[in-house]
Amino acid sequence: MTVWVTGTGCISAAGMDCRENLESIINGCRDNLSVSDTGQKTFSVPLKHNSDYSRSIELLIQALNEARHDSKLDDMPDDVRIGVVIGTTSASFLNDIRFHRRLRDGNLDQETLKLYLSGNPAEYVKHTLKLTGPAATVTNACSSGTDAVGIGLSWLNAGMCDIVFAGGCDELHSVSNAGFYSLGVLSGGLCRPFDGSRDGLNLGEGAGILVLERGESAEQRGAEIKASISSYGGSNDTHHITQPDPEGNGLERAVRKALELAGITPDDVGFINAHGTGTIHNDQAESKTFSRVFGGNCKYFSIKGCTGHTLGAAGAIEAAVTVELLNAGIIPASVGFESCGNGVELVPVTSTVNNSNAQYALSTSLAFGGCNSALIIKNEVLS
């Protein structure tokens, strides 16, 4: 069964909606930089904080509203089963420092408790929109957003619902910032994915949402088809708790599984929106994988030079951007790259490609614990 994408929404340091994100990524902008409490550069969103919800929920609301409008779902239909699956890291309960500090000190108040109880992003969406389908929050580190889209795909294929809001959200947070700082993988400057002189990542924040839909539902509503999700592939390389297999063998299994399920060959993939964090080990693993699977003419890039690494939201933002790039017929340059080295020998895209006729694109995510995820997205405009 074909699963359509009928709406997209995203917010990041690169833009407040999909259009702004696309323009920034195409133009290689690195705006909205700030300095974290550890002195590192981070990519922050100029969003006014609403104390009624966590910042992660605010970011999610922004992307969700855009995706709903894009999919003509401003008014929710009563007779359609709609599910929601959201990937995240910082929106999970364990990161609510204010709640746990007040609980420890015996000063817990109603407002803090309310924020804590409204912190589950999928449950927030389900109850706010009164959805009748399944709801799940995925916390699988940096592959969470991609995994959420894969889960939504499986729900629709299994007939569990007609429409799924699938994506991810994450805020800049002191817990994740301290964690990556302690690992020594934060760059002191701007991140340089796949570059020979890369020295680490820049954290970012944001949210991305895809509206996934069964064909009969989209037809009945008269929804516009933007793309389709051809397949999802996942694997675990069990190499290291924080580092991927340096040869990318686990990622290769995920990518080849996605290709097999989509019924296509590597030659059919027009471009790859890579995880591309700017860390030594991640970029090496991805570059080696792409070289083996797709060969020396592979068109791949990372958008994290514009968005920063948005953790659990990254795969969802990148999936939404991939849909928009396919529709626009554009393949952007990999911002921050100058030359190969340090384990990367495959040159990413160095200048923007206009009038691309890519029919299929691959989006990859890697996560702690050896998790690897891959999505194949089809451009239905060319079908």
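In which crossing, right-handed or left-handed, does α2 pass α5? Keep that in mind while you get set up: what you have open is a predicted model.

**Stop 1: α2 and α5**

Select residues 55–70, which form helix α2, and then residues 121–129, which form helix α5. Looking at the pair, you should find that α2 passes α5 in a right-handed crossing. The angle between the two helices is about 50°, and their axes lie 11 Å apart. Angles of 65 to 115 degrees would be roughly perpendicular and those under 35 roughly parallel, so α2 and α5 count as oblique to each other.

Now show the side chains where the helices meet. From α2, pick Ile57, Leu60, Ile61, Leu64 and Arg68; from α5, pick Pro121, Tyr124, Val125 and Leu129. Colour this contact by class and you will see 8 nonpolar residues, 1 charged residue and no polar ones.

While you are still on α2, click on Glu58, which also belongs to this helix. Is Glu58 buried or exposed? Its relative accessibility is 10%, and since the cut-off for buried is under 20%, Glu58 counts as buried. For a distance to draw, try Glu58 to Leu47: their C-alpha atoms are 8.4 Å apart in space, with the two positions 11 residues apart in sequence numbering.

**Stop 2: α3 and α4**

Next, select helix α3 at residues 97–105 and helix α4 at residues 110–117. This pair packs at about 135°, with 9 Å between the axes. That angle makes α3 oblique to α4. Here the crossing is left-handed.

On the α3 side, the contact is made by Arg98, Phe99, His100 and Arg102, while α4 contributes Glu111, Thr112, Leu113, Leu115 and Tyr116. By class, the contact of α3 with α4 holds 4 nonpolar, 2 polar and 3 charged residues.

**Stop 3: α7 and the loop after it**

Move on to helix α7, residues 174–183, and centre on Asn177. With a relative accessible area of 4%, Asn177 is buried. Which residues does Asn177 touch, not counting those up to four places away in sequence? Show Ser36, Asp37, Thr38, Thr42, Leu186 and Leu203 to see them.

Then step into the loop between α7 and β7 (206–214) and select Ser187. Ser187 counts as buried, at 0% relative accessibility. Leaving aside neighbours within four places in sequence, Ser187 is in contact with Gln40, Lys41, Asp199, Gly200, Leu201 and Asn202. If you draw a line from the C-alpha atom of Ser187 to that of Asn21, it spans 23 Å; the two residues are 166 apart along the chain.

**Stop 4: α9**

Finish at helix α9, residues 249–262. At 1.5 Å a residue, its 14 residues should span 20 Å, and the end C-alpha atoms are indeed 20 Å apart, which agrees.

Which residues of α9 are buried? Select Gly250, Leu251, Glu252, Ala254, Val255, Ala258, Leu259 and Ala262. To see what covers these buried residues, add elements including β8 (227–236), β9 (269–273), α10 (280–294), β11 (360–367) and β12 (371–378). Last, click on Gly263, which follows α9 and has a positive phi, near 70°.

Notes
Residues numbered from 1 in each chain as written. Predicted model: local features only at pLDDT ≥ 70, side-chain atom pairs only at ≥ 80, totals over all residues. Heavy atoms only, no water. Axes fitted to C-alpha atoms, helices over the stretch in contact; angles between N-to-C directions. Helix = DSSP H or I, 4+ residues; strand = E, 2+ residues; numbered from the N terminus. Parallel < 35°, antiparallel > 145°, perpendicular 65-115°, else oblique. Left-handed = near helix turned anticlockwise from the far one by under 90°. Contact = heavy atoms within 4.5 Å. Nonpolar A, V, L, I, M, F, W, Y, C, P; charged D, E, K, R; others polar. Expected span 1.5 Å × (residues − 1). Buried < 20%, exposed > 50% of the residue type's maximum accessible area, 1.4 Å probe, protein only.
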